[in-house]
Amino acid sequence: MNTLVEERKQEWEGETQGLAHMLKPGELDLSHGVILYLEDISVSFDGFKALNKLNLAINTGELRCIIGPNGAGKTTMMDVITGKTRPDSGTAFFGQTLDLTRMSEPQIAHAGIGRKFQKPTVFEQLSAFENLELAMKTDKGVWASLLARLSREQGDKIAATLERIRLDKEADRPAGLLSHGQKQWLEIGMLLMQEPRLLLLDEPVAGMTDDETMRTAELFVSLAGQHSLVVVEHDMAFVEALGGKVTVLCEGSVLAEGDLATVQADPRVIEVYLGR
Ligand SMILES: Nc1ncnc2c1ncn2[C@@H]1O[C@H](COP(=O)(O)OP(=O)(O)O)[C@@H](O)[C@H]1O
Ligand SMILES: [Mg+2]
């Protein structure tokens, strides 16, 4: 081939390769290894500071636990991350480029932040399988979604998720007949169908049996790496089983941070939280 053409071709390939590394607007940039970054976030309700210059950085693939007394601001922090509550001041970034304080709740969800609330909100009359099917196809209405044919790939994805949340044997059971713990797993499965990069879980094992609690810990540990997780929980056996870094929140800011043993030994943490 003509060398000039060959040179041009190489030049062009080099350029397009360079472009492949560039992000489209609105795409998640994890190039610095930090998926969530909060700096000096403050939120007040009628003069009361629910969050007071809160700082938090979550690494990509990390499994972080947030503990702290009631009213510490844990749920408010999740409200800020998901766009439900706007901070009065401070910075909140998802990856390097997505400014959460300027995005709507649907935009944030679409960008890859999934949240599980305390109360499970599964469709009781539909089977576990159908609940996951719906979660995958939220753009249509309920009946249109169930009537639309599943591709082989979609069916496989649902089956894999059912296995992951330990409901493969309950695939055809109406969700209303599942145990409380199983309903919680189903809802986590529904979140996973959306392939979130960051999962926010507020008191996910409240009301679960000890056995279900430990199985949930195993599930979360298995999700870490592929996903990043921020888990608010009071159950210390559960927090220990998760094994990640722990952040202690108190009066709207970080009181201590480190592995569980270290924060448990911190006299300030004992005073405000563990000692009571
Ligand atoms: N929408 C709201 N209006 C007024 N006060 C609120 C609101 N949401 C939370 N608070 C207050 O903010 C503080 C922190 O609440 P929250 O974030 O729910 O704490 P946690 O989840 O750590 O228990 C509490 O004192 C709570 O009463
Ligand atoms: Mg709360």
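A nonpolar core is taken here as a set of buried Ala, Val, Leu, Ile, Met, Phe, Trp, Tyr and Cys residues joined through C-beta atoms within 7 Å. In this predicted model, the largest such core runs to 67 residues. I81, L186, V231 and V248 have the most contacts inside it. Among the contributors, helix α7, spanning residues 180-193, gives the most, putting in 7 residues. The core also doesn't stick to one domain: at least three of its residues come from domain 1 (28-120 + 196-274), and at least three from domain 2 (123-177).

Next comes the sheet. It is open, has 6 strands with mixed pairing, and reads β6-β7-β8-β3-β9-β10 in order. β6 (113-116) and β10 (253-258) sit at the edges, each pairing on one side only. From one strand to the next, the twist averages 20°.

At the β10 end, strand β9 (residues 246-250) and β10 run antiparallel and are joined by 5 bridges. One residue to pick out here is V248, whose bridge partner in β10 is A256. Helix α11 (residues 267-274) packs on the sheet as well, touching β3 (63-67), β9 and β10. The direction of α11 makes about 120° with that of β10.

V248 ties these pieces together nicely on paper. Besides being one of the residues with the most contacts inside the largest nonpolar core, V248 is in contact with I67, G68, L255, A256, V263, V269 and Y273, once its neighbours within four places in sequence are left aside. So A256 turns up twice for V248, as its bridge partner and, with C-beta atoms within 7 Å, as one of its contacts.

Methods: Residues are numbered from 1 along each chain as its sequence is written. Chains are lettered from A and ligands numbered from 1 in the order in which they are written. This is a predicted model: local features need pLDDT of at least 70, side-chain atom pairs count only at pLDDT 80 or more; totals for chains, interfaces and linings use all residues. Two strands pair if DSSP finds at least two bridges between them. Helices (H or I, at least four residues) and strands (E, at least two) are DSSP runs, numbered from the N terminus. Axes are lines fitted to C-alpha atoms, for helices over the stretch in contact, and angles run from 0 to 180 degrees between N-to-C directions. Two residues are in contact if their C-beta atoms, placed from the backbone, lie within 7 Å. A residue is buried if 20 or more other C-beta atoms lie within 10 Å of its own, exposed if 12 or fewer, and partly exposed in between; C-beta atoms are placed from the backbone. Domain bounds come from an automatic or database domain assignment.
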